[in-house]
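Please walk through the cysteines and one sheet of the structure shown here.

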Amino acid sequence: TSLSLLLILIPNFGLFSKISNVSVAASTISVDWFIPNNNDDGYEDINVQVGDTINFTWAGNLPHNVYIHPSQDCSQDGAIVVGMSSSYGDSSYTFQSSDVGKMTFACDVGSHCEMGQ
């Protein structure tokens, strides 16, 4: 099964198990949301901090959406909607302290997730 965008959310300080009270300026991470083809390597893992926002943008005639997949694969069991399906769209998610750990974002339109989105 192909995984889509996998994010590793790290707290502001220390290891994955603790959240710090240290203030760090939040960042916005932009992701061009597309179906990788044979010439693309697809998506790289991204380390983010609590308070950071990820912004998915896409263009074209194909509809896309953005879901968080707790299963970390293409299983839609327990998937959480971040942005609904549309063409020429965008969707954002801001990371919370409850998100610390690995998160997988995927497109649930058709077989897009299985194709690496």
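A disulfide is a pair of cysteine sulfur atoms within 2.5 Å. By this rule the structure has one disulfide. The model is predicted, so to speak of local features requires pLDDT of at least 70, and side-chain atom pairs count only at pLDDT 80 or more, whereas totals for chains, interfaces and linings use all residues. Residues are numbered from 1 along each chain as its sequence is written, and side-chain values use heavy atoms, with hydrogens and water left out.

The disulfide is formed by C74 and C113, with 2.1 Å between their sulfur atoms. The angle about the S-S bond is -90°, and the link of C74 and C113 is left-handed. Distant parts of the chain are linked by this pair, 39 residues apart: C74 lies in the loop between β5 (64-68) and β6 (80-86), and C113 lies in the segment after β8 (101-106). Strands here are DSSP runs (E, at least two residues), numbered from the N terminus.

Accessibility is described in three classes: buried is under 20% relative accessible area, exposed is over 50%, and partly exposed is in between, with a 1.4 Å probe and protein chains only. C74 has 10% relative accessibility and therefore counts as buried. C113 is also buried, because its relative accessibility is 3%.

Why does C107 not bond to the closest cysteine sulfur? That sulfur, in C113, is 8.3 Å from the sulfur of C107, which is too far for a bond. C107 counts as buried, at 0% relative accessibility.

The sheet is open and has three strands in the order β2-β4-β7, with mixed pairing. Two strands pair if DSSP finds at least two bridges between them. β2 (28-32) and β7 (89-94) each have a single partner strand and stand at the edges, so one side of each is left without a neighbour in the sheet. From one strand to the next, the twist averages 20°.

β2 and β4 (residues 53-58) run parallel and are joined by five bridges. One of the residues in β2, T28, has T53 of β4 as its bridge partner. In a regular strand the side chains alternate between the two faces of the sheet. β2 shows this alternation: I29 and V31 point to one face and are buried, while T28, S30 and D32 point to the other and are not buried.

Note on methods
Helix = DSSP H or I, 4+ residues; strand = E, 2+ residues; numbered from the N terminus. Axes fitted to C-alpha atoms, helices over the stretch in contact; angles between N-to-C directions.
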